[in-house]
Structures are given as C-alpha cells and as structure tokens.
Amino acid sequence: MADEAVSNDQLRLFIERVERLEEEKKGILDDIKDVYSEAKSNGYETKIMRQIVRLRKMETHDRQEMETLLEMYKAAVGLA
C-alpha cells in the first residue's frame, strides 16, 4: 500500500509539472503572437517571417537541399 501511495504522489507531481509547463507554453505562445502582431503593425509580412524562422531552425545542409529541390520544381512547372 505504501508503494501505491508513493506512486500516486509521484504521478500527481508529474501531472502538476506538465500543467505548469503547459501554462508557461501558453504564455510563450501568446508572447510570440504579440511579437508577430507588432511586426505586422510595423509593415512586415508575418507569413514570410514565419518561413524565415522555420528556415533558421533547419540544418544548413537540409535547407540547401530543400531550396535546390524547390528551384527544380519551380522550373519544372514554369515558375522559374
């Protein structure tokens, strides 16, 4: 029975940690939204900014490979 109580306490602590982190995540997501709104009000295109953020997260090799394929595909459909 003591093991069950310890397990229950541990489980409750894990769940409470996740709940706190979820709340922090919500706050951070709201902050990011505010930054994009501020950038938009200053004349920046937020869709492009989001693409740049995604590209900056990528490894250089992966990004270069994607850009090469994109250029090839664009050329194939007459967008080059």
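In which helix do Glu-71 and Lys-74 both lie, and how many residues apart are they? In this predicted model, both residues belong to helix H3, which covers residues 60–76. They are three residues apart, about one turn of the helix. Their side chains form a salt bridge, with 3.4 Å between the closest N and O atoms. Glu-71 is partly exposed, since its relative accessibility is 43%. Lys-74 also counts as partly exposed, at 27% relative accessibility.

The search for salt bridges over the whole structure gave four. Among them are two contacts within helix H1, described next.

Helix H1 spans residues 2–41. In this helix, Glu-22 and Lys-25 are three residues apart, about one turn of the helix. Their side chains meet in a salt bridge with an N to O distance of 3.4 Å. Glu-22 has a relative accessibility of 42% and therefore counts as partly exposed. The value for Lys-25 is 44%, so this residue is likewise partly exposed.

A salt bridge also joins the side chains of Lys-26 and Asp-30, at 3.1 Å from N to O. These two residues are separated by about one helical turn because they are four residues apart in helix H1. Lys-26 is classed as partly exposed on account of its relative accessibility of 46%. For Asp-30, the relative accessible area is 34%, so Asp-30 is partly exposed.

Nonpolar side chains were examined at the surface as well. Ile-28, Leu-29 and Ile-32 make up a nonpolar surface patch. Together, these three residues have about 280 Å² of accessible area. Ile-32, one of the members of the patch, is located in helix H1. With a relative accessibility of 40%, Ile-32 counts as partly exposed, because that class lies between the limits of 20% and 50%.

Aromatic residues were considered last. No aromatic pairs were found when the whole structure was searched. The ring of Tyr-36 does, however, have a charged residue over its face, namely Arg-50. The distance from Arg-50 to the ring centre is 3.9 Å.

Methods: Residues are numbered from 1 along each chain as its sequence is written. This is a predicted model: local features need pLDDT of at least 70, side-chain atom pairs count only at pLDDT 80 or more; totals for chains, interfaces and linings use all residues. Side-chain values use heavy atoms; hydrogens and water are left out. Patches are made of residues with over 30% relative accessible area and no salt bridge: like charges are joined within 9 Å, nonpolar side chains (Val, Leu, Ile, Met, Phe, Trp, Tyr) within 5 Å. Accessible areas come from the Shrake-Rupley method with a 1.4 Å probe; for residues, only the protein chains shown count as cover. Buried means under 20% relative accessible area, exposed over 50%, partly exposed in between (1.4 Å probe, protein chains only). Rings of Phe, Tyr and Trp (its six-membered ring) pair if their centres lie within 6.5 Å; planes under 30 degrees apart count as stacked, over 60 as edge-to-face and the rest as tilted. A charge sits over a ring if NZ of Lys or CZ of Arg is within 6 Å of the ring centre and within 35 degrees of the ring normal.
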